Amino acid sequence: MVQRSLAVGALALILLSSAGGLLHGLATRHETLLQLREHYQSAFSLAGQGQMDAARSALQQGMHDNFRYVRVIDAHTHVIKLASLALMLSFIAPLLPLAHGRRRTLAAAFLAGTVLLPGGVLMQIWHPGRPFQAVAALGAV
C-alpha cells in the first residue's frame, strides 16, 4: 500500500511538473529572455553614455527578472528530481525494516517535502526573505 501510494504520488508530481514546465516554457521563455537581453543591453549602453543611475536601474530590473525566471525553473526541476527520488524509494520501501505505519508516515513526509521545497522557492519571487526560505528548507529536510 505504501509502495503504491508513493509511486502514484511521485508519478503524478513528475507529470504535473513536466506539464507545468512545458507550458511555462512555451508561454514565457522566449519573451523573458528577450526582456533580459533588453535590460542588460540597456544597462551597458547607459553605462557607456555615463548615465550611471539609469544603468543601475536597468541592471537591477534585469537582475530581478532573471531571479524570477531562475526561481520558476528551480521549482520545476526540484519537483521532478524529488519525485524521481520518491519513485525510486517506492521500490525499496517494502525492504525497509520498519513498521507499516512508520513507512506510511515517512512516505507522506517525503511527498510533502517534495511540494514544500519548490513551493517555498516559488514564493520567494513575490515575498523575498527568510519566511519562505524557511519553508523551502523545511521541505528539503
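**Warm-up**

D74 comes out at a relative accessible area of 23%, so it counts as partly exposed (buried is under 20%, exposed is over 50%, partly exposed lies in between, with a 1.4 Å probe and protein chains only). Before going on, note that this is a predicted model, in which local features need pLDDT of at least 70 and side-chain atom pairs count only at pLDDT 80 or more, while totals for chains, interfaces and linings use all residues. Residues are numbered from 1 along each chain as its sequence is written, and side-chain values use heavy atoms, with hydrogens and water left out.

**Exercise 1. Find the salt bridges and work out how the partners sit in the helix.**

Start with the count: how many salt bridges does a search of the whole structure find? The search turns up 3, taking a salt bridge as a side-chain nitrogen of Lys or Arg within 4 Å of a carboxyl oxygen of Asp or Glu. The general idea is simple: side chains of opposite charge can pair when their charged atoms come close.

Step 1: take D74 again. Its partner is R71, with the closest N and O atoms 3.1 Å apart. R71 and D74 are 3 residues apart in helix 2, so about one helical turn separates them. Helices here are DSSP runs of H or I with at least four residues, numbered from the N terminus.

Step 2: move to D65, which pairs with R68 at 3.6 Å between the closest N and O atoms. These two are also in helix 2, 3 residues apart, which means about one helical turn. Is D65 buried or exposed? D65 is buried, because its relative accessible area is 4%. R68 has 31% and is therefore partly exposed.

Step 3: finish with D53 and R56, whose closest N and O atoms are 3.3 Å apart. Both lie in helix 2, again 3 residues apart, or about one turn. D53 is exposed at 63%, whereas R56 is partly exposed at 48%. Looking along the chain from R56, F44 is 12 residues away, and the two C-alpha atoms are separated by 9.4 Å.

**Exercise 2. Check whether helices 2 and 3 have the length you'd expect.**

Step 1: get the expected span, which is 1.5 Å times one less than the number of residues.

Step 2: try helix 2, residues 52-92. With 41 residues, it should span 60 Å, and the distance from first to last C-alpha is 58 Å, which is close.

Step 3: do the same for helix 3, residues 100-126. Its 27 residues should cover 39 Å, and the end C-alpha atoms are 40 Å apart, so the two agree.

**Exercise 3. Trace what is packed away inside.**

Step 1: list buried residues. In helix 2 they include A55, G62, Y69, V79, A83 and S90. In helix 3 they include R103, A107, G113, P118 and Q124.

Step 2: which residues make up the largest nonpolar core? The 9 members are L6, A10, L13, I14, V79, A83, A86, A107 and L111; a core is a set of buried Ala, Val, Leu, Ile, Met, Phe, Trp, Tyr and Cys residues joined through side-chain atoms within 4.5 Å. Helix 1 (2-48), helix 2 and helix 3 each put in at least two residues, and helix 1 gives the most, with 4.

Step 3: zoom in on A10. Setting aside neighbours within four places in sequence, A10 is in contact (heavy atoms within 4.5 Å) with A83, A86, L87 and L111. There is also a second, separate core of 5 residues, with A75, L82, L117 and V121 among them.

Step 4: add T114 in helix 3. It is buried because its relative accessibility is 1%. Not counting residues up to four places away, T114 touches L13, V79, L82 and A83. T114 and A10 are 104 residues apart in sequence, with 9.0 Å between their C-alpha atoms.

**Exercise 4. Find the nonpolar patch on the surface.**

Step 1: apply the rule. Patch residues have over 30% relative accessible area and no salt bridge; like charges are joined within 9 Å, and nonpolar side chains (Val, Leu, Ile, Met, Phe, Trp, Tyr) within 5 Å. Areas come from the Shrake-Rupley method with a 1.4 Å probe, and for residues only the protein chains shown count as cover.

Step 2: collect the members. L85, M88, F91, I92, L95, L96, L98 and L106 make a nonpolar patch of about 770 Å². Helix 2 supplies the largest share, 4 residues.

Step 3: place L106, which lies in helix 3. L106 has a relative accessible area of 45%, so it is partly exposed.
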